[in-house]
Every structure is written in structure tokens, then in C-alpha cells.
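Visitor: I'd like a close look at one part of this model, the place where the ligands sit. Take me through it slowly, and then show me some spots elsewhere for context.

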Amino acid sequence: MDPILELNGLSKVYRGGLKALDNVDLSVRKGEIFALLGPNGAGKTTLIGAVCGLVRPSSGTIHAFGHDLATDWRKARSRIGLVPQELSTDMFEPVEHAVSYSRGLFGLAPDRQRIEEILRSLSLWEKRGERIMALSGGMKRRVLIAKALAHEPDLLFLDEPTAGVDVELRKGMWAIIDKMRARGVTIILTTHYIEEAEMMADRVGVINRGKLLMVDEKDAMMARLGRTEAHITLAQPLATLPPDIGRFPVELEVGGTVLRYRGGDGTGKGKAEVAELTKALIGAGIDYVGIDTRESSLEDIFVSLLGDGEVPQ
Ligand SMILES: Nc1ncnc2c1ncn2[C@@H]1O[C@H](COP(=O)(O)OP(=O)(O)O)[C@@H](O)[C@H]1O
Ligand SMILES: [Mg+2]
């Protein structure tokens, strides 16, 4: 299937010489949720800006819906929606008016029914007459989404849709994104919340210092780079490991009271090995009082990929 969005060798050097995007190649498929994950300053907003016509690329090409944006920007633009990172909308406007106006900007005929549907789906219908400034932070963000949906885009960018919103609202936002996906909208979201990428995305791209370090199916990325970690709390401290235990990838910690297992890298077999390890412990007459096992998350993968001490929040 043809990609809905294709970036080739995209670079952006800002005045002053900062390279915010460094030779980025990316292809996004119709109907997927693609999460662009990276710490602050990685280049996420710049990438979105380049596609949405807000940032002029220094080199490289962008094709959206088969149109080269350098020459055919208008044809693609009407099919792209953007929910910006910053709340940048006229705060004095009433909700419904702001959303209708956004639709009009794209030359679409007014459609009150469509606007009502959008506002209802975002639980904003009751607030339609209120000024945006009177709304809570989460509601303001939903108004931005409604504005971005008003012209019925096929490709929607959400730049840090949940930055600064509380956990409840974040979950509400995820539900909204899911609904949009169900309607067939292709979604590219940026986030520095790993949990968000883990929850929402079909594919994840990791970006740092303008470089796209890795792009993969979320599940494949986790299976390939994931590992299992287990903390086994021993009943009695151990001074050394018996050979039958030492053959596992384990270390003694906390004065010999905790046996830490780290293994199963990329094989998905860590859990089975931990089970084997517990049998070996019993066989060696070593008592334990607790086991805490966890599969590594995208977070571990992310931190190891960045690998320069720049740990995201
Ligand atoms: N208009 C600009 N002029 C100069 N530098 C910029 C501009 N916008 C962003 N930057 C810099 O480019 C880098 C990437 O920024 P940005 O794309 O906003 O990252 P992110 O969205 O991942 O936090 C940062 O170092 C940022 O300071
Ligand atoms: Mg940003």
C-alpha cells in the first residue's frame, strides 16, 4: 500500500546552525497510529511543522497523499489536521464558532451537523457557547482537537496531546484518539510519555537530536529489545553463588539478600528461564521469600537507545 506520508532525507537547520532534523526518512501507512517518541528538543515539533507547512525544510522531500509538498502543498494541506502543542487559539471566541471557523478556513461549506457531531464526540457540545478561556485545560485541548477535525482530515497530527494534563484526562484523550482511528483517520502523535506510545501506537519512531534512531512495530520493538528482570528476595543472605545458580545471568545485591536476574534479551524466554532458576534455587537448598518479575518496557528500550544519560520524564 502506498504510504500516506513519506519523508526522504528531511533535514532542518535553524538560523544559528542548530540541526533540528537530520536526514530523516519515514513512511507512514494509512490508518495507523504512529508515535514519535523523543525527549524535549528532539525535533518532534519541527518534523510536524515541516509537514504542516510551518517550518521550511533545509533539504529533503515530503510527500503526503502522493503530493510533493514543495510543489503541491495546497492539495495535501486540506487533508491534514494539526493539534498544536501550544494552546494558540483565540481565547475570547465561543467554542462552536471557533470550530466552525476552522472548517471555513479550508474552504468547506458550513455544516452544523458535522460540527455538532465533532463537539459531541469530544464532550464539548454542552460548552459550545462558552468562551474558550473559560474552559479547563483539558477542555481547551479538546477544542484544539475539534478545530483540527473540523475540516475532516485524513491525516491528523497531535503534538504532545496530553502534555500537562492529568492522568484522568490523559486516558480520556486516548479514548478520543482511539475513536478517530476507528473512523479511519491516520494519526501521528508525538509524546515524551513512553506510556502513551506503549498504550496507543501501532508503530513507534524514536527520535533524538534530530535523528530518527529507530522505527518499528511497537510489539516487535518490545520483543526484540525487551528483556526480563527478576528480583528474588532470599530468606538468608548469600556470600557467593553456587555454580548451579551462577550459570544463570544473575547477580547478588543488597548484601547478598537479593538475587537479581536479567536475561531473555530479545528472545521472550526470560520468564521460562526465571522459572528454571527458581527450581535450581530449590535444588541448591536456597530459600527465597519473594519474587518480583517484570518484562522490560518501552521505557527501558528508550533509555538504552538514547544512551547518553538523557532520560525522558
Ligand atoms: N524557530 C526555532 N529557531 C531556532 N531553533 C529552534 C526553533 N524551534 C525549535 N528550535 C530548536 O530545535 C530543536 C528541536 O525543537 P523541537 O522540534 O521543538 O523539539 P521537540 O518538539 O522534540 O521538543 C530544539 O533544540 C529547539 O530549541
Ligand atoms: Mg515539541
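Guide: Before we go in, one cut-off: a polar contact here is a pair of N or O atoms within 3.5 Å. Also keep in mind that this is a predicted model.

Now to ligand 1. One of its oxygen atoms lies 2.9 Å from a polar backbone atom of Gly43, so that pair falls within the 3.5 Å limit and counts as a polar contact. Next along the chain, the side chain of Lys44 has an N or O atom 2.8 Å from an oxygen atom of ligand 1. Thr46 joins in through its side chain too, with a polar atom 2.5 Å from a ligand 1 oxygen. As for cover, ligand 1 on its own has 560 Å² of accessible area, and the protein covers 61% of that.

Who else stands around ligand 1? The shell includes the run Pro39, Asn40, Gly41, Ala42, Gly43, Lys44, Thr45 and Thr46, and also Tyr14, Leu18 and Ala20. Sorted by class, that makes five nonpolar, five polar and one charged. The element that gives the most to this shell is helix α1, residues 44–51, with three residues.

Thr45 deserves a second look, as it also helps to hold the metal. The magnesium ion, ligand 2, is coordinated by OG1 of Thr45 and OE1 of Gln85, at 2.0 to 2.4 Å. These two come from distant parts of the chain, 40 residues apart: Thr45 belongs to helix α1, while Gln85 sits in the loop between β6 (80–83) and α3 (95–105). Neither donor residue is fully tucked away by the protein. Thr45 has 39% relative accessibility, and it counts as partly exposed because that value is between 20% and 50%. Gln85, at 27%, is partly exposed by the same rule.

That's the ligand site; here is the context you asked for. Start with Arg203 in strand β9, residues 203–208. Its relative accessibility is 8%, which is under 20%, so Arg203 counts as buried. The Arg203 side chain reaches the backbone oxygen of Ser27 at 2.7 Å. Leaving out residues up to four places away in sequence, Arg203 touches one set that includes Ser27, Val28, Arg29, Glu32, Ile33, Phe34 and Ala35, and another made up of Val215, Asp216, Glu217 and Lys218.

Ser27 turns up again in the contacts of Glu6, along with Leu26, Thr61, Ile62 and His63, with the same sequence neighbours left out. Glu6 is in strand β1, residues 5–13, and is partly exposed at 29% relative accessible area. For a sense of scale, the C-alpha atoms of Glu6 and Leu119 are 31 Å apart, with their positions 113 residues apart in sequence.

Finally, a couple of backbone oddities in loops. Arg209 has a positive phi of about 50° without being a glycine, and its loop runs between β9 and β10 (211–217). With a relative accessible area of 54%, Arg209 is exposed. Val254, also not a glycine, has a positive phi near 50°. Val254 lies in the loop between β12 (250–253) and β13 (258–263), and at 60% relative accessible area it is exposed.

Conventions. Residues are numbered from 1 along each chain as its sequence is written. Chains are lettered from A and ligands numbered from 1 in the order in which they are written. This is a predicted model: local features need pLDDT of at least 70, side-chain atom pairs count only at pLDDT 80 or more; totals for chains, interfaces and linings use all residues. Side-chain values use heavy atoms; hydrogens and water are left out. A residue is near a molecule or strand if one of its heavy atoms lies within 4 Å of it. A polar contact is a pair of N or O atoms within 3.5 Å; within protein, one must be able to donate a hydrogen and the other to accept it, and residues adjacent in sequence count only if both atoms are side-chain atoms. Accessible areas come from the Shrake-Rupley method with a 1.4 Å probe; for residues, only the protein chains shown count as cover. Helices (H or I, at least four residues) and strands (E, at least two) are DSSP runs, numbered from the N terminus. Ala, Val, Leu, Ile, Met, Phe, Trp, Tyr, Cys and Pro count as nonpolar, Asp, Glu, Lys and Arg as charged, and the others, Gly among them, as polar. Donors are N, O and S atoms within 2.8 Å of the metal (3.2 Å for Na, K and Ca); water is not among the atoms, so sites may look incomplete. Buried means under 20% relative accessible area, exposed over 50%, partly exposed in between (1.4 Å probe, protein chains only). Contact means heavy atoms within 4.5 Å.
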